[in-house]
Amino acid sequence: MSSRGSGSRSNGSLPQTKICQFKLVLLGDMAVGKSSLVLRFVKGQFDEFQETTIGAAFLAQSVCLDDTTVKFEIWDTAGQERYHSLAPMYYRGAQAAIVVFDITKPETFERAKAWVKELQRQASPNIVIALAGNKADLAEKRLVEYEEAQTYAEDTSLLFMETSAKTAMNVNELFLAIGETPCTRFKTFSSFVNELIMWNMRCPLLILLQLSFTLL
Ligand SMILES: Nc1nc2c(ncn2[C@@H]2O[C@H](COP(=O)(O)OP(=O)(O)OP(=O)(O)O)[C@@H](O)[C@H]2O)c(=O)[nH]1
Ligand SMILES: [Mg+2]
């Protein structure tokens, strides 16, 4: 994740905007709706005949959250098994991942669990993982119970939401919830650094001490 202030000048009436940029990867079995969720979030659209992804697709989206512009760099991976070996290229270095399953297909929930295990073993240890039970609009064909997925998510410390790329249910909410965590971490870190700088400015003696330690 990279983050920076938009400028060092503070113009009394204008609030300073911070930028928090982070890499997000979508994983999950084929046809669960990964590309459709991204299309809904980035363009507000849905396509009944969404084509299968080849390799991976990249999309970016910026959203304002309080005083921060959150820039999502989204890698939408292909769910077909033959692309599995490419996945580490996309989740390595990612600050967040959305693992998607289709609530009408229990085998996709099992596949999602395998992705979560792989992420927990091989991705960055601080990665924020969300589980999305997609196609919630097909509730009459549901074969994965909400409670079952929620319990699994709680046990595994994942964010969990049921979504529908078709009706837009919980799509923005999911992306914003997952964006908030890395950006909150950044805010906590940057306010700590700011505090340190302010403290140093108030205590020039401390700077002299730090300098002499560095030189020694
Ligand atoms: N009813 C319903 N259909 C959906 C939803 N999301 C996606 N679909 C449909 O499911 C099919 C697969 O969607 P994709 O977005 O291509 O799925 P994917 O996970 O990206 O698939 P791969 O790229 O092959 O891995 C398409 O026909 C979509 O229109 C949803 O929320 N509800
Ligand atoms: Mg796709």
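This report describes the fold, a metal site, a helix, a buried residue and the internal spaces of one protein chain.

**Overall architecture**

The model is predicted. Its chain contains six helices and seven strands. From one end of the sequence to the other, these elements follow the order β-β-α-β-β-α-β-α-β-α-β-α-α. The chain has 216 residues, and 42% of them are buried. Among contacts between residues at least 6 apart in sequence, 70% join residues that are at least 24 apart.

**The magnesium site**

Two protein atoms act as donors to the magnesium ion (ligand 2): OG of Ser35 and OG1 of Thr53, lying 2.0 Å from the ion. These donors come from distant parts of the chain, 18 residues apart, with serine 35 in helix α1 (residues 34-43) and threonine 53 in the loop between α1 and β3 (56-65). Both serine 35 and threonine 53 are buried.

**Valine 38 in helix α1**

Helix α1 also holds valine 38. The relative accessibility of valine 38 is 1%, and therefore this residue counts as buried. Beyond its neighbours within four places in sequence, valine 38 is in contact with Leu26, Lys43, Leu59, Ile74, Asp76 and Phe175. One of these partners, isoleucine 74, is 36 residues away in sequence, while the C-alpha atoms of the two residues are 8.0 Å apart in space.

**Helix α3**

Helix α3 covers residues 106-122, a run of 17 residues. At 1.5 Å a residue the helix should span 24 Å, and its end C-alpha atoms are 25 Å apart, so the two values agree. The buried residues of α3 are Thr108, Phe109, Arg111, Ala112, Trp115, Val116, Glu118 and Leu119. Among the elements that cover these buried residues are the strands β2 (18-28), β5 (96-102) and β6 (128-134), together with the helices α2 (87-91) and α4 (146-155).

**The largest pocket**

The largest pocket holds about 430 Å³ of space. It is lined by 26 residues, of which Ala31, Gly33, Ser36, Gln50 and Lys135 are the closest to its centre. Both α1 and β4 (68-77) supply at least two residues each to this lining. Helix α1 gives the most, with three residues.

**The cavities**

A search of the whole structure finds two cavities of 30 Å³ or more. The largest cavity has about 40 Å³ of space, and the second largest cavity has about 40 Å³. Lining the largest cavity are Gly55, Thr77, Ala78, Tyr83, His84, Leu86, Ala87, Tyr90 and Trp115. The second largest cavity is bordered by Gly28, Ala78, Gly79, Gln80, Glu81, His84, Arg111 and Trp115. Ala78, His84 and Trp115 appear in both linings. Trp115 and Arg111 are also among the buried residues of α3.

The table sets out the linings of these spaces by residue class.

| Space | Nonpolar residues | Polar residues | Charged residues |
|---|---|---|---|
| Largest pocket | eight nonpolar | 10 polar | eight charged |
| Largest cavity | six nonpolar | three polar | no charged |
| Second largest cavity | two nonpolar | four polar | two charged |

The lining of the largest cavity thus has no charged residues, whereas the lining of the second largest cavity has two.

Conventions. Residues numbered from 1 in each chain as written. Chains lettered and ligands numbered in written order. Predicted model: local features only at pLDDT ≥ 70, side-chain atom pairs only at ≥ 80, totals over all residues. Heavy atoms only, no water. Donors = N, O, S within 2.8 Å, 3.2 Å for Na, K, Ca; no water. Helix = DSSP H or I, 4+ residues; strand = E, 2+ residues; numbered from the N terminus. Buried < 20%, exposed > 50% of the residue type's maximum accessible area, 1.4 Å probe, protein only. 1 Å grid on protein atoms, 1.4 Å probe; cavity = no way out; pocket = protein on both sides within 12 Å on 5 of 7 lines; lining within 4 Å. Points joined across faces, edges and corners; volume = space filled by probe spheres on them. Nonpolar A, V, L, I, M, F, W, Y, C, P; charged D, E, K, R; others polar. Expected span 1.5 Å × (residues − 1). Contact = heavy atoms within 4.5 Å.
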